Amino acid sequence: MNDPTMIAAQDLTCRFGTTVAVDRLSLEVPAGSIVGLLGSNGAGKTTTLRMLLGLIPPDGGTSTILGCPSSRLTPAVKERIGYVPEEDVVYGWKTVAGMMSFHGQFFPRYTGEQGVALLKRFDLPPDTLVSRLSKGMRRRLSVAMALAVQPDVLVLDEPAEGFDPAARRLLLELLAAFVRDGSRAVLLSTHILGDVERVADRVAILKKARLVVSDSVDALKDSCKVLVFNGVPDRETVARACTILKWTEQADCTEVVASGYREDAGLVVREVYGMNLEDIFIHLIQNGGVS
Amino acid sequence: MSRTLLNLWRMFLLEFQKVGWDILGATYVVSGMVLLGIHLDHMTSWLIILSTWIALRLYLPFRTRQRAEYEACLPVSWMCMTSARFCVLAAAWVALLVLPAWLDDHSRGVRMVGWLARHLPEGNAFAVIYPYLGGIRYAGGWSPWLWLNSQSGVLLFTSLAAAVVLHVPRWWKAVALVVFIAAGCALVWVCWSGYGDNRTGLYHGVLWHEVPSLWLVAAWFWPVNIVCALVLLLVKATPFTKRRGVL
């Protein structure tokens, strides 16, 4: 591994006028990992990615990508970055193959064979004009272009938007293969939490411009549980043992969605069950951060 | 070095495709509107304003936000990208406007433009529109001053302003913006300085005298273009820049 930390941000802040879009965000993307950047609409995900790539200047904090400050990315560093922006970037007058070739030629690691192979894998018609592609197909082309240049870091902003299930599965397979040798990394911003759960090693959750969670997927799932108590337990006792995200009293039991729960906490619990990432995300976004 | 040159060439081709089509499209729009304006006469001024606005909407944001983001992430230096862009603009300017006028007015080589203007029927679109597009050819010959007195001159000015203002660090944007606004105002003043009874200014000293029936149309170009360009520049260069894109 050349760069143990492929992307690093420290106290990154961005304001648009009086609106704080990103508030003191600190984040690390180590080599060999896929980090999922999650958050509700307007939470600051795209702004974060744009700051990391030096597309907009931050109002505070610093960030580096492949060891180079984001504000001063040189062409040599950019050659090692693959980026799929939120909006598709394709020129309508070019053919699919022409667009791939045009893009790839800027990158020294690109080979025509690799480009053609990716077009085939994404089932993209090479001779069709880009302007005639559907939204989902354009997205596929954007992703294929980013992968074809064989970067060290992939920054993906909603890459699977408009993808059908087969294309989504292919994308996840390609991402998993991409980081397999441990020398490359992916920063993946998406709303499709199932995808993150399947491929990501770590998640960073943004809520109203602030990072509320930065943890491994497994640790987060271990940390967030649904606790079922007989009757109504003492709320203060439960609160001392974990962070209560949701408290629901039912006829004969009380259901508590909690983070930071440990089995040795001493609570008398009738049942404990885990949650998937989507449930965790919804509880965290609706009910506050994790202690 | 060879890689840099190759990248420059690729960017040149890309910009040629992008800006070239925009210029052509905008030129057609402006041409049509001017022609329409001449025939409608009293509506000329408003049509010119409208057409100028449309043209500038095509010209100035020659990179949309997504294109801007995409291109900013290409492993190409800003210098390379900007050089390619201005090569294309300059090439288009010379090819579409300066060269034909020069050939025509100096009777050197092909007299294509003059021939077309003279042989097509009276009041044909080409003969009528050409002076407005180029602002170069008029009855008495040609003037380097009038090279700038054209859509393409405004295009170069505003593109240069946009490139510089959007590229410089945040607080320098304000300084660059003030400089370009001052330059724009100075150009407007130069254009309008002869307006009135004496008509001795750049525009009116020449066009009013030489092509009296057309002065009103032509005279609108610079001032209106500059004002529109500066408004757009303000929108793109102020804090909104963060939202709108990068350079």
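What share of the 291 residues of chain A count as buried? The figure is 45%. Before I go on, please keep in mind that this is a predicted model, and every value I quote is computed from it.

Let me start with the two chains. Chain A has 10 helices and 14 strands. Its C-alpha atoms fill a box of roughly 65 × 40 × 40 Å, taken along the principal axes. If we take the contacts in chain A with a separation of 6 or more, 69% are between residues 24 or more positions apart.

Chain B is built from 12 helices and zero strands. From the N terminus on, its elements are written simply as α-α-α-α-α-α-α-α-α-α-α-α. Chain B has 247 residues, and 38% of them count as buried. For its contacts with a separation of 6 or more, residues 24 or more positions apart account for 66%.

Now to where the chains meet. The contact takes 20 residues from chain A and 18 residues from chain B. On the side of chain A that touches chain B, α2 (75-78) and β6 each supply at least two residues. By class, that side of chain A divides into 14 nonpolar, two polar and four charged residues.

Next, a sheet in chain A. Four strands form an open sheet there, in the order β12-β13-β11-β14, with antiparallel pairing. Which strands stand at the edges? They are β12, residues 243-249, and β14, residues 271-274; each has a single partner strand, so one side of each is left without a neighbour in the sheet. Neighbouring strands are turned by 20° against each other on average, direction ignored. To look at one pairing in detail, take β11, residues 224-230 of chain A, which is joined to β14(A) by four bridges, the two running antiparallel. One pair you can find on the screen is A:Val226, whose bridge partner in β14(A) is A:Tyr273.

The helix I would like to spend time on is α5 of chain A, residues 135-148. It has 14 residues, which at 1.5 Å a residue should span 20 Å, and its end C-alpha atoms are indeed 20 Å apart, so the two agree. Is α5(A) mostly covered or mostly open? Mostly covered: 12 of its 14 residues are buried. Among them are three arginines in a row, A:Arg138, A:Arg139 and A:Arg140. The buried set also includes A:Leu141, A:Val143 and A:Leu147.

What do these buried residues pack against? Two strands, β6 (81-84) and β7 (153-157), and three helices, α3 (96-104), α4 (112-121) and α6 (165-178), all in chain A. You will recall that β6 also came up on the side of chain A that touches chain B.

Of those partners, take α3(A). Its axis and that of α5(A) come within 10 Å and cross at roughly 35°. The crossing is right-handed. From α3(A), the contact is made by A:Val96, A:Met99, A:Met100, A:His103 and A:Gly104; from α5(A), by A:Leu141, A:Ala144, A:Met145 and A:Ala148. Sorted by class, that is seven nonpolar, two polar and no charged residues.

That leaves some backbone and loop positions. Most residues other than glycine have a negative phi. Just after α5(A), A:Gln150 takes a positive phi of about 50°. A:Asp123 is not a glycine either, and has a positive phi of about 60°. A:Asp123 lies in the loop between α4 and α5 of chain A, and is exposed, with 12 other C-beta atoms within 10 Å. A:Ala209 has a positive phi of about 75°, and is placed in the loop between β9 (202-207) and β10 (210-216) of chain A. Is A:Ala209 buried or exposed? A:Ala209 counts as buried, because it has 21 C-beta neighbours inside 10 Å and the cut-off is 20 or more.

Last, A:Asp59, in the loop between α1 (45-52) and β4 (60-65) of chain A. A:Asp59 is partly exposed, with 16 other C-beta atoms within 10 Å. Leaving aside its neighbours within four places in sequence, A:Asp59 is in contact with A:Thr13, A:Cys14 and A:Arg15. To tie this back to α5(A), the C-alpha atoms of A:Asp59 and A:Arg139 are separated by 31 Å, and the two residues are 80 apart along the chain.

How values were computed
Residues numbered from 1 in each chain as written. Chains lettered and ligands numbered in written order. Predicted model: local features only at pLDDT ≥ 70, side-chain atom pairs only at ≥ 80, totals over all residues. Pairing = 2+ DSSP bridges. Axes fitted to C-alpha atoms, helices over the stretch in contact; angles between N-to-C directions. Expected span 1.5 Å × (residues − 1). Contact = placed C-beta atoms within 7 Å. Nonpolar A, V, L, I, M, F, W, Y, C, P; charged D, E, K, R; others polar. Left-handed = near helix turned anticlockwise from the far one by under 90°.
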